[in-house]
Amino acid sequence: MASLTSELLTRSPECITKTLHMPDGQPFDFRLLLEDDGPLIGKYFESLGDDTRSKFGPHPLDMATGHALCTELDYTKFLRMIAVHRDTAIAYFILILDVRPGERNRYESYGITLVDGQDCIVAPSVADEYQNRGLGSVLMLRILDIVASLGFTRILLSGGTRATNLRAVHFYEKFGLREVGRFETSCDNIDMIRQL
Ligand SMILES: CC(C)(COP(=O)(O)OP(=O)(O)OC[C@H]1O[C@@H](n2cnc3c(N)ncnc32)[C@H](O)[C@@H]1OP(=O)(O)O)[C@@H](O)C(=O)NCCC(=O)NCCS
């Protein structure tokens, strides 16, 4: 039974804000993106280097997109979560709450039927200088908590992950996601899913 709803998030987006800590003790707030966050998230996008951009590209990563995303927030479709330390965004995780045709068709080809309201999709990113310091792991635990509270029963990756992105593959396996299939784009990609 869901204890959290999109309607509640729309009324009170701050209800899921939580102060968390990196393994080294550094505190940060993990919260939903809000309509005034354009400059904050735009700056985050612009800070990302080529390596991160080659692995994480859900939309253009520039200031204009940061502003645009904040004017079209719809917590029934996307939960865009940011980790903020001293007025700087240090991570950005997207949760997609409805199944998109790309994922639906690929999973169908693996014999898995994705269901709206049961399956949600995650796309994580951590600021370059914060990667590999345990931040993503702290956030992923919180994300799993949130999606379970929303009543989802499975979580899968947005567009899979590059097979060569060994850190991401390890990261997802650590949180119980398992490979269910591969597909080619300009590179080899792995689809991974976890039952909640
Ligand atoms: C993937 C990402 C979200 C993970 O967040 P993070 O904060 O760096 O992750 P953490 O530090 O919590 O955990 C990284 C884990 O990978 C491991 N790791 C690091 N490099 C690795 C490698 N080359 N091969 C295998 N494992 C590796 C670390 O040891 C750690 O595992 P552990 O907790 O079992 O020790 C982040 O690195 C990122 O944003 N990367 C660039 C964008 C990206 O790849 N997004 C995902 C697209 S599918």
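## Burial around Phe-171

Phe-171 has a relative accessible area of 15% and is therefore buried, since buried denotes a value under 20%. This value, like the others in this report, refers to a predicted model. Tyr-172 is likewise classed as buried, its relative accessible area being 7%. For Phe-175, the relative accessible area is 8%, and this residue is buried.

## Ring pairs formed by Phe-171

A pair of aromatic rings is described by the distance of the centres and the angle of the planes. In this structure there are 8 aromatic pairs. One of them joins Phe-171 to Tyr-172 in an edge-to-face arrangement, with 5.6 Å from centre to centre and 65° between the planes.

Phe-171 also pairs with Phe-175: the ring centres are 5.4 Å apart and the planes stand at 65°. Because edge-to-face requires an angle over 60 degrees, the pair of Phe-171 and Phe-175 is edge-to-face.

## Aromatic cluster

Elsewhere in the sequence, Tyr-44 and Phe-45 belong to one aromatic cluster together with Phe-56 and Tyr-92.

## Arginine charges over rings

Which ring lies beneath the charged end of Arg-80? The charged end of Arg-80 is placed over the ring of Phe-78, at 4.5 Å from the centre of that ring.

A further arginine, Arg-133, is positioned over the face of Tyr-130, and the distance to the ring centre is 4.6 Å.

Key. Residues numbered from 1 in each chain as written. Predicted model: local features only at pLDDT ≥ 70, side-chain atom pairs only at ≥ 80, totals over all residues. Heavy atoms only, no water. Phe/Tyr/Trp six-rings, centres within 6.5 Å; stacked < 30°, edge-to-face > 60°. Buried < 20%, exposed > 50% of the residue type's maximum accessible area, 1.4 Å probe, protein only. Lys NZ or Arg CZ within 6 Å of the ring centre and 35° of its normal.
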